Amino acid sequence: MPNLTPHLFVEDLQRSIAFYRDVMRFEVTRAEPADNPTFASLKRGESTLMLSPFGESFEGWKMAEEADKRRGAGGPVSFYIEAVEPLADEYARAQAAGAAIVDPLSARPWGQTEFTMSDPDGFWWAVWTA
């Protein structure tokens, strides 16, 4: 089965873990080291996500060094993820948590209802249902 797992570099790993766990209902499947994580892996249904903080060298891992050079320079990226709860509930939870709503809940002409929010680092998440 094909799989795509985005690996996002973030400013504050703990803040991002809390956002994805509490607002988007991802399950933290791995956070290492446990006492002060520098890496996290999360899952929501069949969707997976990895998070790492900017500035962590990971013992000379070239990708981390290159990511740090791009800090704050990226354009908008929008990930689409299917609702796992009633969409209105997911929207209300995002609003209650103070998530930045990029595009409000609306029916679309292509046959789905969706809204788009921004995570704490500016990555866009479109939550949808058919």
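1. Leaving aside its neighbours within four places in sequence, which residues is Glu90 in contact with? In this predicted model, the residues that Glu90 touches beyond that sequence window are Arg44, Ala83, Val84, Glu85, Phe115 and Val127. Glu90 lies in helix H3, and its relative accessible area of 3% falls below the 20% limit under which a residue is called buried. Among these neighbours Arg44 deserves a separate mention, since the side chains of Glu90 and Arg44 are joined by a polar contact of 2.9 Å.

2. Helix H3 as a whole spans residues 87–96, and its buried residues are Leu87, Glu90, Tyr91, Arg93 and Ala94. They cover an arc of only 165° around the axis, and therefore they lie on the same side of H3. The elements that cover these buried residues include helix H1 (13–23), strand E3 (39–44), E6, strand E7 (113–118) and E8. Just after H3, the backbone at Gly98 adopts a positive phi of about 85°.

3. One open sheet has four strands in the order E5-E8-E7-E6, and its pairing is mixed. Strand E5 (78–82) and strand E6 (100–107) stand at the edges with a single partner strand each, so one side of each has no neighbour in the sheet. On average, and with direction ignored, neighbouring strands of this sheet are turned by 15° against each other.

4. Within that sheet, E5 and strand E8 (residues 124–129) run parallel and are joined by five bridges. Two positions of E5 can be followed across to E8: Ile81 has Val127 as its bridge partner, while Glu82 stands opposite Trp128. The two faces of E5 are unlike in cover, with Phe79 and Ile81 on the covered face and Ser78, Tyr80 and Glu82 on the uncovered one. Val127 thus appears twice in this note, as the bridge partner of Ile81 and as one of the residues in contact with Glu90.

5. A further open sheet of four strands, again with mixed pairing, has the order E1-E4-E3-E2. Its edge strands are strand E1 (7–10) and strand E2 (27–32), each of which pairs on one side only. Neighbouring strands here are turned by 20° against each other on average, direction ignored. E1 and E4 pair in the parallel sense over four bridges, and Phe9 stands opposite Ser52 in E4. H1 packs on the sheet, touching E1, E2, E3 and E4, and the direction of H1 makes about 160° with that of E4.

6. Thr48 offers a closer view of E4, the strand of residues 47–53 in which Thr48 is placed. The side chains of Thr48 and Thr5 are joined by a polar contact of 2.5 Å. When neighbours within four places in sequence are left aside, Thr48 is in contact with Asn3, Leu4, Thr5, Pro6, Leu42 and Lys43. Val28, which is 20 residues away from Thr48 in sequence, is 9.8 Å away in space, C-alpha to C-alpha.

7. The largest nonpolar core has 25 residues, of which Leu8, Tyr20, Met24, Phe26, Leu51, Met117 and Trp125 touch the most other members. At least two residues of this core are supplied by each of E1, H1, E3, E4, E5, H3, E7 and E8, and the largest share, five residues, comes from H1. As a general background, nonpolar side chains in soluble globular proteins tend to be buried together.

8. Which residues does Trp125 touch, not counting those up to four places away in sequence? The list comprises Tyr20, Met24, Phe26, Leu49, Phe79, Ile81, Phe115, Thr116, Met117 and Asp119. Among these, Tyr20, Met24, Phe26 and Met117 are also named with Trp125 as members of the core that touch the most others, while Phe79 and Ile81 make up the covered face of E5. Phe115, too, is shared with an earlier point, as one of the residues in contact with Glu90.

Notes:
Residues numbered from 1 in each chain as written. Predicted model: local features only at pLDDT ≥ 70, side-chain atom pairs only at ≥ 80, totals over all residues. Heavy atoms only, no water. Polar contact = N/O pair within 3.5 Å; in protein donor to acceptor, adjacent residues only side chain to side chain. Contact = heavy atoms within 4.5 Å. Pairing = 2+ DSSP bridges. Axes fitted to C-alpha atoms, helices over the stretch in contact; angles between N-to-C directions. Buried < 20%, exposed > 50% of the residue type's maximum accessible area, 1.4 Å probe, protein only. Arc of directions from axis to C-beta. Core = buried A, V, L, I, M, F, W, Y, C linked by side-chain atoms within 4.5 Å.
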